[in-house]
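Please open the structure in a viewer and keep the sequence at hand. The tour below proceeds one selection at a time.

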Amino acid sequence: MAFKLSGILFGKKTLCGSLSGVKEAELKSTTIPKGYFAVYVGKDHKKRYVVPLSYLNEPTFQELLIMAEEEFGYEHPTGGLTIPCREDIFVDVICQLNSM
């Protein structure tokens with residue numbers, strides 16, 4: 001899986017905003033917009049992302065969910081869905097899904 005550096009940087013800058021279709025102000029609130037869900041990403045420092053529910057049907061995103069199940073089972077330490085991968089890998093997957 002190859003990505004151009006500029007695409008990754010662009011994806012990191014805009015992932016929480018225009019790529020997911022949710023305004024940044026909405027992401028900072030405690031409510032999740034209809035049609036989206038929150039995930040926490042990272043090994044040590046967890047960062048919150050709001051992603052579309054449609055990603056649940058994508059095989060690549062399902063692989064991330066399998067990783068979460070293998071690591072935590074159904075008891076996540078943060079109380080929310082935690083994906084135990086590096087943030088840059090998560091951003092790459094989301095950028096790939098957004099380009100489809």
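The stops that follow concern a predicted model and lead from its sheet to a helix, a serine and two cysteines.

**The sheet.** Begin by selecting residues 36-41, which form strand β1. Add residues 47-52 for β2 and residues 82-83 for β3. Together, these 3 strands make an open sheet with mixed pairing, arranged in the order β2-β1-β3. Strands β2 and β3 are its edge strands, each paired on one side only. In general, the strands of a sheet pair through backbone hydrogen bonds, in either a parallel or an antiparallel sense.

**One pair of strands.** Keep β1 and β2 displayed: they pair in the antiparallel sense, over 6 bridges. Which residue of β2 is the bridge partner of Tyr 36? Selecting Pro 52 shows that partner.

**The helix.** Next, select residues 87-98, which make up helix α4. Helix α4 lies across β1, β2 and β3, and runs at about 15° to β2.

**After the helix.** Proceed to Ser 99, located in the segment after α4. Ser 99 counts as exposed because its relative accessible area, 60%, is over the 50% cut-off. Its side chain reaches the backbone oxygen of Gln 96 at 2.8 Å.

**The cysteines.** Finally, select Cys 85 and Cys 95: are they buried or exposed? Cys 85 has a relative accessibility of 5% and Cys 95 has a relative accessible area of 16%; both are buried because these values fall under 20%. The structure holds 0 disulfides.

Methods: Residues are numbered from 1 along each chain as its sequence is written. This is a predicted model: local features need pLDDT of at least 70, side-chain atom pairs count only at pLDDT 80 or more; totals for chains, interfaces and linings use all residues. Side-chain values use heavy atoms; hydrogens and water are left out. A disulfide is a pair of cysteine sulfur atoms within 2.5 Å. Buried means under 20% relative accessible area, exposed over 50%, partly exposed in between (1.4 Å probe, protein chains only). Two strands pair if DSSP finds at least two bridges between them. Helices (H or I, at least four residues) and strands (E, at least two) are DSSP runs, numbered from the N terminus. Contact means heavy atoms within 4.5 Å. Axes are lines fitted to C-alpha atoms, for helices over the stretch in contact, and angles run from 0 to 180 degrees between N-to-C directions. A polar contact is a pair of N or O atoms within 3.5 Å; within protein, one must be able to donate a hydrogen and the other to accept it, and residues adjacent in sequence count only if both atoms are side-chain atoms.
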